[in-house]
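Dear colleague,

I am handing over the structure we spoke about, and my notes on what was found in it follow underneath. Please read them with the model open beside you.

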Amino acid sequence: MRIGVRQGFTWLAVPFAVAALAGCGETKSKPATSAVRPQAATKAAPASPAKQGDFERAANRLCADAGAKVGALPPLAKSNFLPQVRYEQGLIRSLIARLRPLHPPPGKRRGFARFLSDTSAQPVIIDGAIAALRSRRAHEARVLLKRLAAKGESSDRAAASIGLADCARDYSPVPHPTA
């Protein structure tokens, strides 16, 4: 699933991120937006879809719901960088928690497992990239950002291969900030 965090880090120059993170403490504040907070994992999707189409509809619905929240966010900028990144990480984690109970048909299990694995890895990689940027370890941050892009592309391919078009869609807010 392509969301603003990954897109933002893909285009994001390391100096921009360092400037955005300079002096930023960990805050729990929500980005300035009318988007709703990620839903708790307790509202899981149906655990056993009866048919292949039910699985695809349920997973695509969950991805589209999370994507709509991302799409409602303002473009990533220095002023909202860390709160928005943290918010989007929460959306990813919530989405994964809601997708895990779904039972794909036998022919889609491997692709679904790959999608979940690659998508779950993204918030962890983002944490590492933020830590590297805060410590001014630019080379490490670039390596992690490349890994983030690769995991995202792999996640998108896996989702598309099993009919989860809404999970492979680009939901990032546009346009990319210049300031």
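Cys 167 counts as buried because its relative accessibility is 0%, where buried means under 20% relative accessible area, exposed over 50% and partly exposed in between, with a 1.4 Å probe and protein chains only. Cys 63 likewise counts as buried, at 0% relative accessibility. This is a predicted model, in which local features need pLDDT of at least 70 and side-chain atom pairs count only at pLDDT 80 or more, while totals for chains, interfaces and linings use all residues. Residues are numbered from 1 along each chain as its sequence is written, and side-chain values use heavy atoms, with hydrogens and water left out.

Cys 63 and Cys 167 form a disulfide, with their sulfur atoms 2.0 Å apart, the criterion being a pair of cysteine sulfur atoms within 2.5 Å; by this rule the count is 1 disulfide. The torsion about its S-S bond is about 90°, so the disulfide is right-handed. Because Cys 63 lies in helix H3 and Cys 167 in the segment after H6, the pair ties together parts that are 104 residues apart in sequence; helices are DSSP runs of H or I with at least four residues, numbered from the N terminus.

The largest nonpolar core (buried Ala, Val, Leu, Ile, Met, Phe, Trp, Tyr and Cys residues joined through side-chain atoms within 4.5 Å) has 20 residues, and those with the most contacts inside it are Leu 99, Leu 102, Phe 112, Phe 115 and Leu 164. Two or more residues come from each of helix H3 (52–71), helix H4 (81–99), helix H5 (109–134) and helix H6 (138–161), and H3 gives the most, with 6 residues. Apart from this core lies another, of 12 residues, including Ile 126, Ala 129, Ile 130 and Leu 148.

With best regards
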